[in-house]
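Okay, thanks everyone, let me share my screen. I'll walk through this one in a few stops, so just shout if you get lost.

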Amino acid sequence: MRISSGWKRWVGGLAAASLLGACSAVPVYGNPVTSAPKQPPHHYFSVDWWTQLVSPSLLEYAPREDARPAYDEKNERVIVLTRDGLVRSLGAEGQEAWRFKVGNRFYAGATVDDGIVYVPSTDGVLYALDAKTGEPRWKYAAGEALATEPVLTNELVLVASQSDTLFAVKRATGELAWLYRRDPPSGFTIHRASTPAVRGQTAWVGFSDGTLVSLDLTDGGVRWERSLAPKSGQFVDVDTTPVLDEAGRVYAASYSGGLYALDAESGDVLWTSVAEGITSLLVHGGVVMAVGDARLDAYLAESGKLLWSNPLQERAGLEPVLVKGMLLVPVQRSLLFVDPRTGRARMAWDPGEGVSATPRVVGAKAYVLSNNGYLYALRLDGRSG
């Protein structure tokens, strides 16, 4: 079902409810498919349109969509990967332009550039599809479930697997240029993977053995490696996507070892925080925002001083995005709208079964994929106080 026209200024509604203990009473607004329209106390966004992509299954419990929508700027389409194993290209009002069947669910979204859609699949194949038609240009059989959004350089596509391998594939041909692999630790690890960060001819990427590695993009050679984890214990993974700032620092976190700021060139540790459970990072305006299991924190990038901390209780915060003066944080059961100055959650939106995938922001619009397989185009209206 695709809704447009008469509902273009809809903003959803259920009665206000308490979501996060430390955030006081956060208003929750619900699913437009099942709820009557009701204007929220502040005008955060409107829904331009929505469309159902995945049909519900009676045997499916707690459905989850992990893949962040991508945007095809050249054709003005949204590229969506869903748990039914389909890649879809959707037009300006949600109409389907093409689809490509992979067969397995996805752990991460696609990347689009210069008319090509790069699709990481859990069937172990990296696909390059024509963005206009969906026809395959090439495919690379990695043989391992791919778990991160592809990262593009001038000549390479970088993608990491669930099995601690970083693949560098030639953009022009789909041939393997090089790979870097680490042995996973014994015991339990987190079911996530670190997306490489790239600047110039260098990549930084984390691994489940608790190590952050800096690699030369020319041949995959190691520039430096640094353990961010305790010497013993479980869940030592560095699954955060490393983030870089203009001061030459790189930030990453081990799930059990805390948050680290390092010199990006040498790997020297500049400061650390003992906060555990961090899985995602974002740097903006000299502030590092850290999100993870039961936590949402902000630190001064220069010193590591804690500015504020927002406990999420049982919720697991996933990769956030900053837009229009608000921090949008998926917490599985809903999408939180957080004031980045204070960490206070202003409202939560549950479009049905919550949100796990990071929204894709294009200008003043955010594309949100709900866990029940609906894609929403939200018109963001700026900071509401």
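**A walk through the strands**

Let's start in the middle of things: Y260 faces T272, which sits in strand 23. Before I go further, keep in mind that this is a predicted model.

So, staying with Y260 for a second: which residue is its bridge partner on the strand 21 side? That one is A252. Strand 21, residues 249–254, runs antiparallel to strand 22, and six bridges hold the pair together. The two make a hairpin, with three residues between them. On the other side, strand 22 is joined to strand 23, residues 269–273, by four bridges, again in the antiparallel sense. That second hairpin has five residues between its strands, and G267 takes a positive phi there, near 85°. And how covered is strand 22, residues 258–263? Mostly covered, I'd say, with five of its six residues buried.

Okay, zooming out. What does the secondary structure of the chain come to? Zero helices and 33 strands. The chain has 385 residues, and 60% of them are buried. If you take contacts with a separation of 6 or more, 48% are between residues 24 or more positions apart. For those of you who care about surface, the chain exposes about 15700 Å², and carbon and sulfur atoms supply 48% of that.

Next stop, the cores. The largest nonpolar core has 19 residues, and the ones touching the most other members are F45, F337, W349, Y376 and L378. Several strands feed at least two residues each into this core, among them strand 3 (45–52), strand 29 (335–338), strand 30 (345–349) and strand 33 (374–380). Which strand gives the largest share? Strand 33, with four residues.

Let me pick F337 out of that group. Ignoring residues up to four places away in sequence, F337 touches Y44 and F45, then M326, L327 and L328, and then R344, A345, R346, M347 and W349. There's also a second, separate core of 17 residues, including V102, F106, V112 and L129.

Hold on to F106, please, we'll meet it again at T122. T122 sits in the loop between strand 9 (116–120) and strand 10 (125–130). Is T122 buried or exposed? It counts as buried, because its relative accessibility is 15% and the cut-off for buried is under 20%. The T122 side chain reaches the backbone oxygen of R105 at 2.6 Å. Setting aside neighbours within four places in sequence, T122 is in contact with N104, R105, F106 and Y107, and also with A145 and L146. So there's our F106 from the second core, in contact with T122.

Just along from there is V125, in strand 10. V125 is buried too, since its relative accessible area is 12%. With neighbours within four places left out, its contacts are V119, P120, K139, Y140, A141, A142 and L146. L146 should ring a bell, as it was on the T122 list. What is the C-alpha to C-alpha distance between V125 and E144? It's 7.7 Å, and the two are 19 residues apart in sequence.

For contrast, have a look at Q234, in the loop between strand 19 (222–227) and strand 20 (243–244). Q234 counts as partly exposed, because its relative accessibility is 38%. Its C-alpha is 8.5 Å from that of S186, and those two are 48 residues apart along the chain.

Last stop, a sheet. Four strands make an open sheet in the order 4-5-6-7, with antiparallel pairing. Which strands are at the edges? Strand 4 (70–72) and strand 7 (96–101), each pairing on one side only. On average, neighbouring strands in this sheet are turned by 20° against each other, ignoring direction. Inside it, strand 5 (residues 77–81) and strand 6 (residues 86–90) pair antiparallel over four bridges. If you want one pair to click on there, take L81, which stands opposite V87 in strand 6.

That's my tour. Who wants to drive the viewer?

Conventions: Residues numbered from 1 in each chain as written. Predicted model: local features only at pLDDT ≥ 70, side-chain atom pairs only at ≥ 80, totals over all residues. Heavy atoms only, no water. Buried < 20%, exposed > 50% of the residue type's maximum accessible area, 1.4 Å probe, protein only. Polar contact = N/O pair within 3.5 Å; in protein donor to acceptor, adjacent residues only side chain to side chain. Contact = heavy atoms within 4.5 Å. Pairing = 2+ DSSP bridges. Axes fitted to C-alpha atoms, helices over the stretch in contact; angles between N-to-C directions. Areas by Shrake-Rupley, 256 points an atom, 1.4 Å probe, with all protein chains shown as cover. Core = buried A, V, L, I, M, F, W, Y, C linked by side-chain atoms within 4.5 Å.
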